[in-house]
Amino acid sequence: REAKTELEETTAEAEEEIQALTAHRDEIQRKFEALRNSCTVITDLEEQLNQLTEDNAELNNQNFFLSKQLDEASGANNEVVQLRSEVDHLRREITEREMQLTSQKQTMEALKTTCTMLEEQVMDLEALNDELLEKERQWEAWRSVLGDEKTQFECRVRELQRMLDTEKQSRVRADQRITESRQVVELAVKEHKAEILALQQALKEQKLKAESLSDKLNDLEKKHAMLEMNARSLQQKLETERELKQRLLEEQAKLQQQMDLQKNHIFRLTQGLQEALDRADLLKTERSDLEYQLENIQVLYSHEKVKMEGTISQQTKLIDFLQAKMDQPAKKKKVPLQYNELKVALEKEKARSAELEEALQKTRIELRSAREEAAHRKITDHPHPSTPATARQQIIMSAIIRSPEHQPTPISLLAPPSSRRKEASTPEEFNRRLKERMHHNIPHRFNVGLNMRATKCAVCLDTVHFGRQASKCLECQMMCHPKCSACLPATCGLPAEYATHFSEAFCRDKLNSPGLQLKEPGGPLRLEGWMKVPRNNKRGQQGWDRKYVVLEGTKVLVYDTETREAGQRPVEEFELCLPDGDVTVHGAVGATELLNTAKTDVPYILKLESHPHTTCWPGRTLYLLAPTFPDKQRWVNALESTVAGGRVSREKAEADAKLLGNSLLKLEGEDRLDINCTLPFSDQVVLVGAEEGLYALNVLKNSLTHVPGIGAVFQIHLIKDLEKLLMISGDERALCLVDVKKVKQSLAQSHLPAQPDVSPNVFEAVKGCHLFAAGKIDNGLCICAAMPSKVVVLRYNESLSKYCIRKEIETSEPCSCIHFTNYSIIVGTNKFYEIEMKQYTLEEF
């Protein structure tokens with residue numbers, strides 16, 4: 001308080017001295033202006049005096065000339081009289097001029113004396129002005145000292161304010177007053193008069209502020225004492241918590257060891273389970289073979305039994321006949337030898353039948369135990385029964401994965417047991433097939449994250465949109481929807497040639513796969529098979545009809561029957577390569593398009609849609625329902641290749657000899673790049689952002705140059721006002737700025753062996769970015785960057801020469817689009833929202 005009172009007294013004295021100095025300076029300024037005016041009068045008089053001296057000199061010259069003429073004209077009296085009169089007139093003028101000169105000289109002397117006096121006064125005024133300047137310097141030094149004291153006092157106030165975490169409202173008011181005082185100080189440096197008034201106001205505010213702060217300081221001291229007591233109690237609690245934490249860490253280490261042991265045990269159990277599943281599959285195949293062998297043995301046994309019964313009946317008849325013959329007395333022929341042989345043969349047959357019955361009982365017991373074990377394994381391995389569709393898919397995919405084409409086709413596994421018995425192989429063929437089995441059953445390791453590039457799902461062939469969640473295998477990079485990842489077969493690491501081989505083997509047999517056939521492989525593409533089309537073209541509202549569909553060249557022909565007569569016209573015809581339009585093949589169709597169609601049939605439907613360039617001719621739509629999913633994949637691939645081939649041929653026919661129409665650069669083999677984005681950099685250079693880094697394509701030289709120092713580039717934009725490149729780069733997908741001059745310098749030094757790296761300026765707060773947009777709003781440069789869970793708005797600060805974060809907005813879904821207007825930014829997540837750039841408020845668009 002004493003320092004505050006001293007500060008107020010010194011500021012009051014300084015104000016009084018400043019007022020006196022300003023009044024004295026105003027008086028000196030007035031005197032100086034009067035002296036300046038008198039000096040201007042003196043200069044005017046000096047100019048007049050100089051002019052008079054010049055006139056006097058001219059008159060003297062004229063007098064001298066006339067005197068000469070007078071001497072020469074002494075002979076002529078008349079002329080002499082005239083000349084004398086002229087001379088007298090001139091002498092009078094000279095005397096008058098001399099009188100004027102004397103008066104002018106007197107006035108000049110008086111003015112000189114006044115000038116000397118004024119000069120002395122000016123010297124005095126300058127001395128006073130110097131004293132005033134010295135006093136002003138002293139006042140400025142004193143003001144700087146007061147400013148230092150004031151800053152120290154403000155630092156103390158800030159330290160006190162930092163301790164007031166609970167009183168946020170009072171801290172906000174103090175910050176506002178501090179900002180006002182800072183603004184007053186900055187204005188005081190610019191203008192003295194405004195500074196004096198601002199200081200007076202600031203002093204008044206400081207007095208009120210000091211009084212309020214003194215009261216708050218007393219309250220804070222009391223609260224500080226309370227907080228110290230609370231801190232001590234919290235310190236004790238913290239020590240107890242640390243001890244508890246140490247115990248928990250020890251328990252966690254023990255649990256981690258147990259978890260590692262459990263993981264190893266689980267891994268062993270999974271291996272054992274996999275081996276048990278393989279053994280169960282072997283037991284299933286063995287069971288089917290045993291059933292087949294059992295049926296053969298039963299048939300063979302029934303034939304043998306019938307034969308034995310026939311032979312026994314014949315032998316009994318023969319024995320009875322012989323016995324009757326023996327009983328007759330007339331004939332005394334003996335046949336004991338034949339009877340003994342027959343009896344021995346009968347006993348042999350009985351022993352053989354007993355052995356067959358024992359073997360049959362053993363096989364029945366083994367079959368019964370195998371069935372019980374398989375049922376027990378099925379119950380333990382699969383507690384919840386799956387739906388028929390998923391069971392069908394599992395059987396088909398397990399058949400595709402676990403065996404090459406020597407194994408029976410997947411559809412045949414779904415056939416009834418009677419048909420499978422007919423197709424069952426012999427034990428030798430089964431053993432040969434078992435040795436050729438590949439056992440490729442490697443599941444995919446999916447990682448769910450944001451999709452940075454629109455692509456097709458590997459399961460349902462629908463589009464995986466940009467900025468949406470997608471499941472991507474870490475090993476084979478296969479991508480699908482998260483909901484479709486469970487249906488993807490365990491083919492991780494399987495080469496593409498084997499997958500093609502399996503898909504061809506899957507649809508090779510027309511009896512097992514009634515979907516389609518590929519004919520004339522050497523000629524144009526031709527595909528045909530049974531499919532279903534909507535009845536009366538009502539999008540399935542009135543049901544589906546089974547038709548025979550043929551892809552012949554560039555046309556899709558729909559017939560009622562498979563056998564066609566010569567010249568028979570199709571029921572419906574669809575052209576895939578329109579001369580004045582485009583055709584789109586949709587591998588997936590939404591359930592909303594087909595309202596009365598079963599949901600289980602929707603994944604098997606594909607759509608053909610034509611878009612004519614002229615508005616006078618409407619477009620067409622053709623829906624096809626495939627019998628199986630591989631048939632759908634085959635049809636989609638064939639139709640897309642046909643449409644793409646027609647489009648390429650049309651583009652080649654219509655292409656002009658322009659630069660953008662020709663191939664500038666072809667990247668093949670090891671030189672191939674995974675390109676994400678491009679940007680025209682100059683008239684000759686195009687920047688190419690790829691997974692491998694940043695490259696520059698020279699259009700004229702057809703050369704590709706790498707720009708070192710920059711990682712993978714996903715998006716790039718040129719800010720012309722700053723001459724900088726804005727891009728998303730690196731493994732962390734960070735937003736960064738690169739100077740255009742550095743890029744040009746790197747391209748100019750590309751021929752050197754050691755090129756300098758281009759170092760980007762990374763925004764540390766904006767990482768994991770997948771989309772951004774840049775533009776101008778209210779003549780200010782702005783950037784809007786999207787991350788998986790938030791959107792960040794940055795604005796360029798000219799005083800700091802950098803972009804500063806102005807707003808962070810949390811989003812429930814990742815942002816997929818950004819648009820700049822003249823006064824706001826529109827972002828699209830689950831809905832469209834508008835960010836107003838004056839107050840940075842968010843409203844639904």
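This text walks through a few residues, one sheet and the cysteines of the structure. The model is predicted.

Start at Glu575. Glu575 belongs to strand E10, which covers residues 572-575. Its relative accessibility is 23%, so Glu575 counts as partly exposed. The cut-off matters here, because buried means under 20% relative accessible area. Which residues does Glu575 contact, leaving aside neighbours within four places in sequence? They are Thr554, Lys555 and Val583. With Thr554 there is a polar contact, side chain to side chain, at 2.9 Å. Leu557 gives another distance to check. Glu575 and Leu557 are separated by 18 residues in sequence. In space, their C-alpha atoms are 8.9 Å apart.

Next comes a sheet. Strands of a sheet pair through backbone hydrogen bonds, either parallel or antiparallel. Here four strands form an open sheet, and the pairing is antiparallel. The order is E14-E15-E16-E17. Which strands stand at the edges? Strand E14 (675-680) and strand E17 (703-707) do. Each has a single partner strand, so one side of each is left without a neighbour in the sheet. On average, neighbouring strands of this sheet are turned by 25° against each other, direction ignored.

Look at one pairing in detail. Strand E15 spans residues 685-690, and strand E16 spans residues 693-698. The two run antiparallel and are joined by six bridges. One of the residues to follow is Val686, whose bridge partner in E16 is Leu697.

Move on to Ser824. Ser824 lies in strand E27, residues 824-828. Is Ser824 buried or exposed? It is buried, because its relative accessible area is 1%, and buried means under 20%. Its side chain makes polar contacts with two other side chains. One is with Thr821, at 2.8 Å. Another is with Glu834, at 2.7 Å. Glu834 also appears among the residues that Ser824 touches when those up to four places away in sequence are not counted. That list further holds Ile777, His819, Ile835, Glu836 and Met837.

Finish with the cysteines. How many disulfides does the structure hold? The count is zero. Cys476 shows why one pair fails. The closest cysteine sulfur to that of Cys476 is in Cys473, 3.5 Å away, which is too far for a bond. The reasoning needs the cut-off: a disulfide requires cysteine sulfur atoms within 2.5 Å. Cys476 has 31% relative accessibility, so it counts as partly exposed. Cys457 has 1% relative accessibility and therefore counts as buried.

Notes
Residues are numbered from 1 along each chain as its sequence is written. This is a predicted model: local features need pLDDT of at least 70, side-chain atom pairs count only at pLDDT 80 or more; totals for chains, interfaces and linings use all residues. Side-chain values use heavy atoms; hydrogens and water are left out. Buried means under 20% relative accessible area, exposed over 50%, partly exposed in between (1.4 Å probe, protein chains only). Contact means heavy atoms within 4.5 Å. A polar contact is a pair of N or O atoms within 3.5 Å; within protein, one must be able to donate a hydrogen and the other to accept it, and residues adjacent in sequence count only if both atoms are side-chain atoms. Two strands pair if DSSP finds at least two bridges between them. Axes are lines fitted to C-alpha atoms, for helices over the stretch in contact, and angles run from 0 to 180 degrees between N-to-C directions.
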